[in-house]
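Got the viewer open? Let's take a short walk through some charged side chains, one selection at a time.

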Amino acid sequence: MIRVVLPHHLRTLAHVGKEVELQIDGPVTQRSILDALEAQYPLLRGTIRDRATQQRRSLVRFFACGQDVSLEPADAPLPAAVAAGVEPFLVVGAMAGGGEQGLGDLLATFKRELEVAMALSGVTRIADIKRSNIDAMPW
């Protein structure tokens with residue numbers, strides 16, 4: 001079974017939990033995963049890739065084993081850990097302006113920005129952030 005993690009808005013649309021399992025017969029590729037996902041959850045058709053061209057939507061990214069595979073060919077084999085169901089295939093709603101940064105780079109950038117904002121607002125622990133602190137942070 002292939003494990004697929006979906007972003008919140010697609011989980012809500014498909015009425016599923018954070019992770020779904022799919023049976024893939026044949027090579028495990030982006031295309032085979034998306035074909036199976038759309039077959040099992042028809043409401044997702046057209047949300048991850050264009051219905052006519054089958055091209056990935058611009059603000060959707062795919063990750064396998066911590067690597068951004070969004071720009072890889074749709075029929076390229078995915079890592080063995082994804083094919084074996086050990087690691088999930090991630091469908092991620094991309095952040096505009098992120099460029100071609102990897103997920104690790106984005107998380108590191110977010111952490112640095114959060115630390116600066118916390119220092120400027122006088123907050124020392126993430127657990128101490130309240131809604132009023134967030135509204136006052138210099139984003």
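**A salt-bridge tour**

Start by selecting Glu38 and Arg49: both of them are buried. Keep in mind as you go that this is a predicted model.

With those two side chains shown, look at the gap between them. Glu38 and Arg49 make a salt bridge, with 3.0 Å between the closest N and O atoms. Now color by secondary structure: Glu38 sits in helix α2, while Arg49 is in the loop between α2 and β3, so the bridge links distant parts of the chain, eleven residues apart.

Stay on Arg49 and add Asp35 to the selection. Here is another salt bridge, and its closest N and O atoms are 2.4 Å apart. Asp35 also belongs to helix α2, 14 residues away from Arg49. How buried or exposed are the two partners? Arg49 has 3% relative accessibility, which counts as buried because the cut-off is under 20%. Asp35, at 40%, is partly exposed.

Show Asp35, Glu38 and Arg49 together and you have a network of salt bridges.

Next stop: select Arg31 and Asp75. Their side chains meet in a salt bridge, 2.7 Å from N to O. What does this pair tie together? Arg31 is in helix α2 (residues 30-40) and Asp75 is in the loop between β4 (67-68) and α3 (80-83), so the bridge joins parts that lie 44 residues apart in sequence. Turn on the surface around Arg31, and you'll find a partly exposed residue, at 31% relative accessibility.

Want to keep exploring? The structure holds six salt bridges, including the ones on this tour.

Key:
Residues are numbered from 1 along each chain as its sequence is written. This is a predicted model: local features need pLDDT of at least 70, side-chain atom pairs count only at pLDDT 80 or more; totals for chains, interfaces and linings use all residues. Side-chain values use heavy atoms; hydrogens and water are left out. A salt bridge is a side-chain nitrogen of Lys or Arg within 4 Å of a carboxyl oxygen of Asp or Glu. Helices (H or I, at least four residues) and strands (E, at least two) are DSSP runs, numbered from the N terminus. Buried means under 20% relative accessible area, exposed over 50%, partly exposed in between (1.4 Å probe, protein chains only).
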